[in-house]
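Here is a short briefing for a reader new to this structure. Look over the sequence and the model first, then take the points below in order.

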Amino acid sequence: MIKRNKHTRRTVIKNAALGIGALSFSAGFPSILKADDNIKIGVPTILSGRVAQLGISVTNAIKMAVNKFNEEGGLDGRKIELIIRDSRAKPDEAARVCRDFINSDNVDVIVNAEASGASFAVQEVIRESGTLCLHTVSETTSLTADPSIRAWNAFRFSRQGIHDAVGSAKYAAKIIEKKGIKKWMSINPDYAYGRDSDDTFFWALEKFAPGFELIGKGWPKIFQPDYTEVITKIAREKPDAIYSSLWGGDLVSFIDQASLYGIFKNTEFFAINLADYTTMNAIRNLPKGLHSATRYVAAWPDTEENRAYDKSYTDLYGDHPTNWSWEASIAIDYLINALKETGGTDNKKLAEALKGKTIPSFMGVGEGNTVTIRDRDQTITNYSIGWGTTIPKEPFIQDVQAANWDTIENLEEEWLTNKGWI
Amino acid sequence: MSLLEVKNINAFYDSSQVLFNMSLNISKNKIIALLGRNGAGKSSTFKAITGIIKVKSGSIKLDGKELMGNSINSRAKSGIGYVPEDRQVFPEHTVEENINLGKKNNLKNINNWDLEKIWDTFPLLKNLRFRLAGQLSGGEQQMLSIARTLAGNPEILLLDEPSEGLAPIIVEEIEKLIDKLEKIGVTILIAEQNMHFCMKVAKEAIIIDKGQSVWSGSIKELNKDKKTRDKYLAI
Amino acid sequence: MLKINNLEKSFGGIIATGNVTLELQKQTINAVIGPNGAGKTTLFNLITGKLKPDTGKVFIENKEITNLDETETTQMGIARAFQITNIFPNLTVYESIKLAILSKHNGLNNMWTRFKDHNVNYEADKIMKLAGLTKSKNIISSELSHGDQKLLDIALALCLKPKLLLLDEPTAGMGPEERWKMIDRIKELWKKTKITILFIEHDMDIVFGIAQKIYVLQQGAILAEGRPKDIKKDQKVIKAYLGGGKK
Amino acid sequence: MELVAFLECLTSASCIISQTAGGLKIGMLLFLVASGLTLVFGVLGVINFAHGALYMLGAYFSWQVMNTTGHFGLSVLLGAIGVSIVGLMFERGLLNRVYNAELLIQILLCYSIVLILDDLVMIIWGDEFLSSIGIPEIFQVPPLFVLDAIIPPFHLAIIGLSLLLAIGLWLLMTKTRFGHLVRAAAVNPNMLEALGINTTVIRASVFVLGSFLAGLGGALASSIGSVVSGMGNSILVESFIVTVIGGMGSIGGAFLASIIIGMARSFGAIAMPLFTDGIMFLIMVLVLILRPHGLMGDKK
Amino acid sequence: MISFLKKDSFSRDACLALLSWVFLIVVFFIIPDPGVHDIIQKVFILGLFALSLNILIGYLGLIAFGHAAFFAAGAYTLGLFLQSDFIKIYNFGSFSIPVAILLSILVSGVLATFIGAICIRLKDIYFSFLTLAFQMVIYSIILALVDITGGDQGLMGGFPKPPFLGIDLSKPFDFYAFTIFISILVILVLRQLIESPFGYGLRMIRDNAERPAALGFNNQNHKLIAFIIAGSIAGLAGSLQALLDVGAYPEWAFWAKSAEPLFMILLGGMNTFLGPLMGALIFEILNDFVTANTKYYGLVLGLVILSFVLGLKQGLLDWMVIKFKESRNKNAQNK
């Protein structure tokens with residue numbers, strides 16, 4: 001039978017979760033317990049329900065960075081105080097929590113760890129209040145790319161759909177050439193992220209490998225428990241390749257169920273969100289040779305810094321970081337940098353300090369392993385995007401190929417121009 | 001000693017009182033008619049004994065055992081067999097299934113009403129055993145309702161208006177059935193407004209009026225007593 | 001006053017009302033009696049339009065009302081009280097009566113005045129007095145005694161200022177004393193208003209006590225009709241009640 | 001609308017076979033859960049909003065047993081039995097207090113249980129979704145090909161098992177004394193009481209049976225899908241649709257409606273991929289308007 | 001003056017309404033904490049939502065499961081109108097917000113007419129299920145019409161809030177005073193409605209659906225009108241919520257959103273006019289306190305509901321009113 005060795009891991013996670021519960025409890029009375037000159041950061045996130053994993057891995061990463069900063073003496077003795085609250089994945093709740101941060105808790109900065117829908121709600125709140133906001137989770141391109149949604153005080157430290165799409169398409173084009181792939185299908189979750197991902201990937205693929213044939217699309221609902229109707233469609237159409245932006249538990253269920261149909265035997269499967277530890281760990285029998293982007297893996301970028309990041313996180317929380325963790329970590333790194341540079345919490349100055357800034361990072365692939373916050377749209381670039389194939393055991397992914405950022409930015413510009421956004 | 005002893009019960013439908021200090025004494029192995037006009041409280045008396053309606057005070061004893069405070073099903077298990085006015089057969093069950101539903105595992109199986117004995121007593125039902133009860137005629141349903149209750153081996157059978165709405169030939173069938181049951185030694189209390197029917201099947205009668213028992217005696221006596229009849233039964 | 005010609009109604013082949021013909025005189029009290037299942041309540045439902053007859057006609061004051069529905073027959077002057085008390089359990093006596101009066105005047109679509117301020121107080125007081133409910137004015141209906149609930153039911157019907165009042169077992173579920181109080185109340189009410197009344201009743205003392213004319217219903221048909229003393233002697237009726245004749 | 005794709009499918013044997021098999025599998029799993037819901041409504045008269053939460057518990061329980069024993073059959077069975085025990089406690093401890101209460105109170109009671117259980121499983125098993133328990137080894141074989149349509153043996157097993165259970169349920173309801181009592185209790189509990197049957201026990205056993213079915217559905221679902229808090233919500237809504245379409249309280253109706261919904265999902269994914277949920281609700285609206293008591297419901 | 005206030009009349013209620021508004025304005029300045037202002041605003045918005053549902057549940061006895069459909073309809077109407085080219089082309093300019101709010105009420109009212117006309121023909125649980133099904137159809141439509149509604153992301157990009165009549169809704173005070181004014185105004189109207197003969201007609205149907213027909217009264221029309229009014233007010237609540245959050249989200253049309261006003265009605269009480277508003281207050285405070293302190297919100301809310309269902313067995317305000325009456329009766333008896 002299949003081996004199950006997750007007991008210890010689960011227990012650790014559970015304890016960590018309870019710890020967060022307790023921590024956020026004390027965070028509820030900040031003004032009573034804490035000194036006044038603290039630098040206050042409000043973190044609206046999802047801690048309950050089925051994507052609680054998101055909130056936990058983000059807050060873990062944030063705490064790791066903040067604790068280090070505080071231990072090292074903070075900003076001339078001023079420490080960062082975190083206020084983390086659960087929005088239960090509801091946009092109106094996220095907006096309320098944010099208004100609360102700004103109005104009642106007088107936070108200096110908001111580190112937004114909400115998924116896309118709620119991120120737009122947060123964006124509207126901070127647009128009105130003018131509070132500095134660091135988005136760390138939403139990958140929906142329009143959040144910073146669409147000038148009508150962009151705000152001067154909002155920065156994005158998360159991946160961006162269009163970047164991933166171009167990187168993915170470039171990689172896919174190589175495989176197409178190698179294996180003679182013609183017929184494509186796409187299986188994407190039926191919500192904005194899934195639709196964007198579908199759009200941009202095939203748009204970019206057309207640029208690198210024109211002449212493919214898109215023979216069908218499947219749109220399972222998010223959190224759908226049963227993918228049979230989608231899978232029978234694939235089994236019937238027999239595509240050469242499938243592109244999918246399913247993620248988390250949905251992707252796990254999909255792969256489990258599609259394996260029953262032997263889908264992965266004759267079809268190349270490109271899953272942009274597969275190579276995250278949580279997901280790969282949860283798949284019963286991870287088929288060999290699936291293609292995935294590296295969400296977060298310790299093996300990529302193959303650098304000392306990255307392995308060190310993975311180790312310190314794992315030592316603390318008993319579990320690997322997730323894609324959301326590194327995004328939040330970089331956001332905090334940037335924030336700390338800016339705080340030190342400006343010496344205070346003036347939002348205008350902080351924003352100036354963030355704009356166009358390049359810093360070294362474990363996820364950086366820019367010159368000297370750096371990432372950059374692009375001046376134009378205040379969004380992160382030069383982070384690591386790699387594609388490889390899966391193997392059933394750790395490190396789970398091999399033959400990783402890095403995406404080229406020049407290619408990405410060139411095509412991104414074309415795409416934005418098409419959209420009328422630049 | 002009487003089998004069923006009802007003493008001073010006051011019973012209610014929600015807020016409206018239907019029985020006023022009602023008392024009854026039923027002795028074993030007899031067929032007794034419970035007479036009274038429409039709305040006099042005959043059905044209510046039965047429902048109070050079975051526990052279907054709320055009894056606020058008084059006592060109901062079967063074989064000396066107090067039933068007050070017991071649930072409907074435990075009263076039935078103690079030996080109260082109730083055949084409601086509207087028969088209430090289970091329409092989606094077959095005749096045989098209906099009878100089986102009436103079975104219960106009480107230890108005192110005095111009359112030993114197994115399926116065989118029921119078919120002997122109700123030959124008509126045996127022929128219809130696989131028919132759905134909802135498809136039976138009124139008379140057949142009445143038979144079935146009685147048979148179903150008998151299957152539970154009751155100490156006493158409360159028959160509520162068994163002749164109501166039935167054709168004369170069927171009424172005769174019911175009369176014959178009750179005679180048969182009498183011979184076996186079943187104790188039966190029959191609520192009726194049809195005096196004529198009672199004369200044929202019962203030896204004794206109790207008259208109730210306005211929620212109280214007002215007269216008891218033998219049917220023959222009542223037949224002679226025009227005054228009582230006029231007062232409580234006739235128009 | 002009320003005229004019924006050859007009214008028939010059956011449910012799934014079973015005849016509930018078979019060829020009923022009757023005519024009520026103005027300002028009289030009339031009783032319908034008969035064994036259970038004789039079709040008395042069905043007859044009421046046919047008169048008020050709650051049920052539609054298969055054949056036959058109903059007239060009130062020579063106007064045909066056969067196919068009118070319940071709301072329409074009330075406008076024609078027919079009101080009824082029910083066998084099972086049919087009141088508004090969470091409203092007070094006064095509120096219930098005012099509501100009934102207002103609905104008669106189509107006043108319930110009014111959103112812009114206060115219900116409390118509605119000037120139907122004189123009429124409401126009169127009806128409460130008539131029904132003997134003045135004392136209970138502000139009591140929640142469900143907390144009334146059973147007899148008072150029945151009276152309220154009748155009072156609600158009276159609010160419609162009916163020409164014909166149908167009472168379905170006005171004394172059902174009452175103790176002996178309460179019954180006679182109720183009957184006195186009905187008598188008094190009739191004396192004051194002279195409404196034509198048709199009532200269903202099982203208590204023969206009451207029927208013979210107040211009815212001026214009695215209709216005996218059996219198996220959906222009229223077995224006999226006439227003055228109380230005639231009915232008492234009627235052989236068919238005696239047979240029906242004392243057995244034998246029951247089919 | 002993708003009419004062309006839909007018509008193309010209808011003209012291809014392999015498409016019809018594969019979509020039908022898929023639809024059957026969806027429908028049969030749904031039937032397991034929905035039959036419990038409709039059974040409970042029929043006898044207890046309560047709309048059990050907590051039914052989906054019991055389904056979720058079934059998945060968690062079987063996951064737990066799987067990770068302790070590694071035995072598939074045992075996991076599914078113990079998962080369902082565990083849920084039955086929870087169901088019994090819920091019925092005896094809480095639900096029986098509100099049998100005579102208003103609809104709103106009953107619903108809120110059940111819904112509060114959903115809220116509590118959804119959080120409780122996260123406290124016990126963690127916030128992260130859990131992996132599926134996997135399928136038994138004998139089904140880890142290449143899929144079957146029928147006229148070019150692919151059918152996984154495990155799906156056939158699920159369809160077969162559910163059909164067996166459906167037949168078992170039918171036999172239970174029509175051939176056993178217990179079933180007769182249950183059906184009678186749904187029609188006329190008072191008469192049954194007067195015949196000396198303790199309907200309280202029947203109600204409790206029906207709730208236990210309903211919970212067992214919900215738990216079994218959840219346990220089976222955990223074999224091919226990840227286990228997560230809140231996973232019962234969508235199946236609950238689908239079970240409502242099935243219950244309403246089939247006729248509330250009718251197991252036969254639930255069977256028919258489950259297949260209809262399974263097929264609507266399966267073929268709807270081809271015809272209207274972005275509106276499959278909408279299709280189900282539209283069917284529900286239409287049935288409620290045209291036949292409020294459902295396709296096979298009683299006009300009680 | 002005092003005797004005037006004792007008499008239950010529209011003018012008394014209007015005075016009380018004005019006083020409460022003035023009081024809440026004073027509160028704004030006494031308690032400068034914007035978090036408190038936020039809670040008060042939301043209590044009124046959600047309170048309107050719950051009060052409107054209580055017309056159906058508490059006064060008409062119809063358990064509607066799909067009330068959020070109208071809330072969402074109001075929110076989307078407002079958002080779509082404010083984002084549309086309409087206001088630019090026809091130059092609504094400063095009046096775009098009042099027009100948008102009125103439009104929200106209108107659209108949700110029309111929707112309620114359509115849904116209500118079909119639903120009120122059904123009884124009991126069938127009514128509840130049909131309202132639920134309609135709501136979910138609307139939810140599915142919102143998700144499917146991505147180009148118009150933004151699908152699951154909701155309406156993005158904010159909307160303009162041009163000042164009108166000197167009211168600038170982008171200023172916290174203006175928004176606070178405006179929202180509460182509108183809410184109190186509608187509550188006042190609702191109170192009048194409930195205390196009018198029309199409102200007593202609703203109670204009559206709730207108590208006994210059969211009898212009114214025998215009193216010559218048309219049930220169905222009455223029910224439909226109540227349904228439309230309830231839907232329109234829910235639409236208004238939705239539009240205010242959309243103004244507050246500067247967006248509209250499909251979650252607002254999901255069935256779980258319909259459960260919220262049910263909770264509020266349960267918590268506050270359905271038999272006292274302001275019960276649902278009290279419920280909204282409890283719900284909001286609970287929401288604020290619990291989410292600030294633990295992530296197990298569902299667990300806490302579930303336990304609170306459970307204790308109300310099994311313990312108090314009624315809403316808090318209902319319970320208080322009953323206790324108050326009891327003690328008053330006792331005092332009266334003692335005297």
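Between chain B and chain D there are 0 salt bridges. The model is predicted. Polar contact does link these two chains, with 7 residue pairs counted at pLDDT 80 or more for both residues. The points below cover this interface, then the one between chain D and chain A, then the two domains of chain A.

**Chain B against chain D**

- Contact here involves 20 residues of chain B and 16 residues of chain D.
- The two chains bury about 1,600 Å² between them. Carbon and sulfur atoms account for 61% of that area.
- Which three residues supply the most of the area that chain B buries against chain D? They are Asn73(B), Phe90(B) and Leu101(B), with 33% of it.
- Salt bridges number 0 between chain B and chain D. Several elements of chain B each supply at least two residues to the side that touches chain D. They are the helices α2 (72-78), α3 (95-102) and α6 (138-150), along with the strand β6 (80-83).
- By class, that side of chain B has 8 nonpolar, 6 polar and 6 charged residues.

**Chain D against chain A: contact and area**

- On the chain D side, 48 residues are in contact with chain A. On the chain A side, 45 residues are in contact with chain D.
- About 4,100 Å² is buried between these chains. Carbon and sulfur atoms give 55% of it.
- Three residues, Asp127(D), Glu128(D) and Phe129(D), supply 17% of the area that chain D buries against chain A. No other three residues supply more.

**Chain D against chain A: bonds and elements**

- How many salt bridges cross this interface? The rule finds 2 between chain D and chain A.
- One salt bridge pairs Glu229(A) with Arg265(D). The closest N and O atoms of that pair are 3.5 Å apart.
- Polar contact across the interface comes to 10 residue pairs, both residues being at pLDDT 80 or more.
- Five helices of chain D give two or more residues each to the side that touches chain A: α2 (13-44), α3 (51-69), α5 (103-125), α6 (153-175) and α11 (251-271).
- The largest share of that side, 8 residues, comes from α2(D).
- The side of chain D that touches chain A has 23 nonpolar, 18 polar and 7 charged residues.

**The two domains of chain A**

- Chain A is assigned two domains, each in two segments. Domain 1 covers 4-158 + 303-354. Domain 2 covers 162-296 + 384-419.
- Their C-alpha centres lie 29 Å apart.
- Contact joins 19 residues of domain 1 of chain A to 17 residues of domain 2 of chain A.
- The two domains bury about 1,700 Å² between them, with 54% on carbon and sulfur atoms.
- The count between these domains is 1 salt bridge. Within chain A, Glu139(A) forms a salt bridge with Arg295(A). The closest N and O atoms of this pair are 2.5 Å apart.
- Between the domains, 5 residue pairs are in polar contact, both residues at pLDDT 80 or more.
- Which elements give two or more residues to the side of domain 1 of chain A that touches domain 2 of chain A? They are α13 (304-317) and α14 (323-342) of chain A.
- That side of domain 1 of chain A divides into 6 nonpolar, 7 polar and 6 charged residues.

Technical notes. Residues are numbered from 1 along each chain as its sequence is written. Chains are lettered from A and ligands numbered from 1 in the order in which they are written. This is a predicted model: local features need pLDDT of at least 70, side-chain atom pairs count only at pLDDT 80 or more; totals for chains, interfaces and linings use all residues. Side-chain values use heavy atoms; hydrogens and water are left out. Contact means heavy atoms within 4.5 Å. Buried area is the accessible area (1.4 Å probe) that two parts lose on being put together, summed over both. A salt bridge is a side-chain nitrogen of Lys or Arg within 4 Å of a carboxyl oxygen of Asp or Glu. A polar contact is a pair of N or O atoms within 3.5 Å; within protein, one must be able to donate a hydrogen and the other to accept it, and residues adjacent in sequence count only if both atoms are side-chain atoms. Helices (H or I, at least four residues) and strands (E, at least two) are DSSP runs, numbered from the N terminus. Ala, Val, Leu, Ile, Met, Phe, Trp, Tyr, Cys and Pro count as nonpolar, Asp, Glu, Lys and Arg as charged, and the others, Gly among them, as polar. Domain bounds come from an automatic or database domain assignment.
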